[in-house]
Amino acid sequence: FNGTDDDRRAFLSSGNQAFNKIESMPFPTVVAINGFALGGGFEVCLACDFRVMSSKAQVGVPETKLGIIPGWGGTVRLPRLMGFDNAVRWITTGGHNKAAAALRDGAVDAVVNPDVLRDEALDMLVRAAEGQLDYSSRREQKQSPLTLNEIELEMSIHTCRDMVAAKAGPNYPAPVAAVEVLAKASNMSRDDALEVEFQAFSKLSQTPQCRALVGMFLNDQYIGSVAKKYGKKSTKAVNHATALGAGIMGGGIAYQNAIKGFPVLMKDINTDSLALGMSEANKLLAKRVDRGRMSPLDAGNVLSRIMPSLSYDGIENTDIVIEAVVENAKIKGIVLAEVEGKLAEDAILVSNTSTISIDQLADNLKRPENFCGMHFFNPVHAMPLVEVIRGSKTSEGTLAAVVAHALALGKKPIVVNDCPGFLVNRVLFPAVFGFDMMIIDGADFQQVDRVMEAWGWPMGPAYLMDVVGIDTAVHCFPSILEGYPERMSDIYGGDYKVSPTKLLFENDRLGQKNGVGYYLYEKDKRGKPKKSVDDSVYALIKPHVRESQPLSDEDIIARFMIPMCIELAHCLEEGVVDSPAEADMSVVYGLGFPAFRGGIFRWMDEVGLDKFCDMADNYSELGKLYKPTQRMYEMAANGESYYA
Ligand SMILES: NC(=O)c1ccc[n+]([C@@H]2O[C@H](COP(=O)([O-])OP(=O)(O)OC[C@H]3O[C@@H](n4cnc5c(N)ncnc54)[C@H](O)[C@@H]3O)[C@@H](O)[C@H]2O)c1
């Protein structure tokens, strides 16, 4: 991808020439697909005359997920085999397709059991060679224009283009480019269509989105391999888990354990919390049953693995206790010490705390080596990241076992070292303080939300505070403000007396949980909270606004993003996180940082560190949150970047 247009042409045409040769062999060709045939692997299958697939295999063209389109004839052969609409769906969604779907859509000719795959493929080959299967017409079909008439084609193109553009959004150009390629090449021969494919592929391969998405793919493989290495070192088998607390997080953690096959004790001091935890689990399971993703029997079995309890009975047999009680260091300290006394010597104890130092919590424990942080994100079943936090006394065995358990729960664990806020919240809150300062400076929070959502965040900061819970967020403030006084004590030049977010909290505006935060919430027909604007929040904030100056979109992006980026650089430099790859995947998987930007370090590389530092210097009057590290300045001066 880093070469010239000619390099890309040479690379792609060598593949295309080979595939075209397969397609013009003087004898029929049948491919037997026995595993994952994705991207180029599936494109070689498409060059063959017939495809026989094992019922266990999966096929697909996931290139648009990397910001490109198939480049070895996928956009040419797929629509000619399965029709325009199906091919658009396959290519623009980039999914892995199971055998039944592949057969239904015409991507393969037969699906058979894995043990007879070879025999069936050979049988098909013999039938084609003997003339019972017409392979010549199949070849002609793949090399000729599409057979739709002009009106049908025009209608398909229109509908697909609009649908795909709406779904992909403006930040992901590849899916829309794929529709354009399919449309433009629909009345062309194979060879002309391949040229159209090449032109689009080459252009897309040079976009920042492609660099970011390919980088994400490589980073994802990297964090997977690091986690696997940790997990392999685990000598502690986890067969039974306990969730301490049945609130938003404890309930979610219990559900995730149960659905992955672990019997789990869910302990709370409050009967209502236990009932709510069970009913939330029930709702999630009912949804899976409704969507045909689980049988009612299996759903019942999952639910029966959760044992709600007001007592510790049975905890002596648990292998891992995941504490998720209220975010209060004193209460957590008492609860952790109490539960430790009831556990087997080698049982593991972890805390789901959002910000409280693991070392501080370990102070109350007799076996701090068996203790670390295991920070899930909300909602637990949907968010992939688990931060595993190493305290200074945590043993490597404990860390390995916790990483292994996170993997067993289907999560993506990333190990970080203990510090206030750990990695994800440590970088989120400086941005929240940046947001607060914008509001004090008269920015409209709705505008900030609009701008940051257009920039790619799934939700703007005001809406995010409402979703997280304004009380939850405000309870995290002290850990961060007191944890990093060298930067946090001079926020707004030391004049950070009024945090609008805190003001909302003090006025019982807690966000979605009580229906009123930055926005007002009412349940829609499906019971989901729907936001609307509430003018009274403006009246509440107004007395604290310094001057009402509209901020430009560029100002808003810079004032929100710079503190987050600089804090992440501190984390890397201090060794809280080992690599830019792990840091970037943490913010993508934990915070929903826009994937098409590839992560914070990737974004800074894309901007250029020299430009980033200049941009930060323009906001220096807002405090040290906006001061790049010495190392960042050095890297900027030397033309260095975080990724080679
Ligand atoms: N809400 C989030 O988005 C989020 C995300 C990540 C981490 N966390 C962290 O997870 C923890 C729990 O947060 P939450 O949002 O689930 O809170 P929550 O208020 O929804 O639930 C806390 C539960 O703990 C129970 N509890 C209190 N004392 C207890 C005790 N002694 N024994 C057993 N149960 C007890 C309460 O009855 C309540 O059900 C906190 O440390 C929080 O910082 C929260």
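Start with the charges of this predicted model. Colour Lys and Arg one way, Asp and Glu another. The protein has 66 positive and 82 negative charges, and their mean positions are 3 Å apart.

**The whole chain**

Now show the whole protein as a cartoon. Its secondary structure comes to 29 helices and 16 strands. The radius of gyration is 28 Å, close to the 26 Å that the globule rule gives for 644 residues, so the protein is as compact as a globular protein of that length. Turn the C-alpha trace along its principal axes: the spans are about 80 × 60 × 50 Å.

Switch to a surface. The accessible surface comes to about 28,000 Å². Carbon and sulfur atoms account for 53% of that area. Of the 644 residues, 54% are buried. Look at contacts between residues at least 6 apart in sequence: 73% of these join residues at least 24 apart.

**The domains**

Select 5–206 for domain 1, 237–417 for domain 2 and 424–637 for domain 3, as the domain assignment gives them. Keep domain 2 and domain 3 in view. Their centres, taken over C-alpha atoms, are separated by 29 Å. Twelve residues from domain 2 and 13 residues from domain 3 make the contact.

**Helix α27**

Select residues 600–607, helix α27. Which of its residues are buried? They are Ile600, Phe601, Arg602, Trp603 and Met604. Next, add the helices that these buried residues pack against: α11 (208–232), α19 (445–455), α25 (553–573), α26 (580–591), α28 (609–617) and α29 (630–637). Then step to Gly608, which follows α27 and has a positive phi, near 100°.

**A cis peptide bond**

Go to Asn378 and Pro379. A cis peptide bond joins them, with omega about -5°. Pro379 sits in the loop between β12 (371–376) and β13 (385–390).

**Two residues with positive phi**

Select Phe422, in the loop between β14 (412–417) and α18 (424–440). Phe422 is not a glycine, yet its phi is positive, about 55°. Is Phe422 buried or exposed? Phe422 is buried: its relative accessible area is 0%, and the cut-off for buried is under 20%.

Finish at Asp508. Find it in the loop between α23 (500–506) and β15 (520–523). Asp508 is not a glycine either, and its phi is positive, about 60°. Show the surface here: Asp508 is partly exposed, with a relative accessible area of 48%.

Methods: Residues numbered from 1 in each chain as written. Predicted model: local features only at pLDDT ≥ 70, side-chain atom pairs only at ≥ 80, totals over all residues. Heavy atoms only, no water. Helix = DSSP H or I, 4+ residues; strand = E, 2+ residues; numbered from the N terminus. Rg over C-alpha atoms; globule rule 2.2 N^0.38 Å. Buried < 20%, exposed > 50% of the residue type's maximum accessible area, 1.4 Å probe, protein only. Contact = heavy atoms within 4.5 Å. Areas by Shrake-Rupley, 256 points an atom, 1.4 Å probe, with all protein chains shown as cover. Charge placed at Lys NZ, Arg CZ, Asp CG, Glu CD. Domains from an automatic or database assignment.
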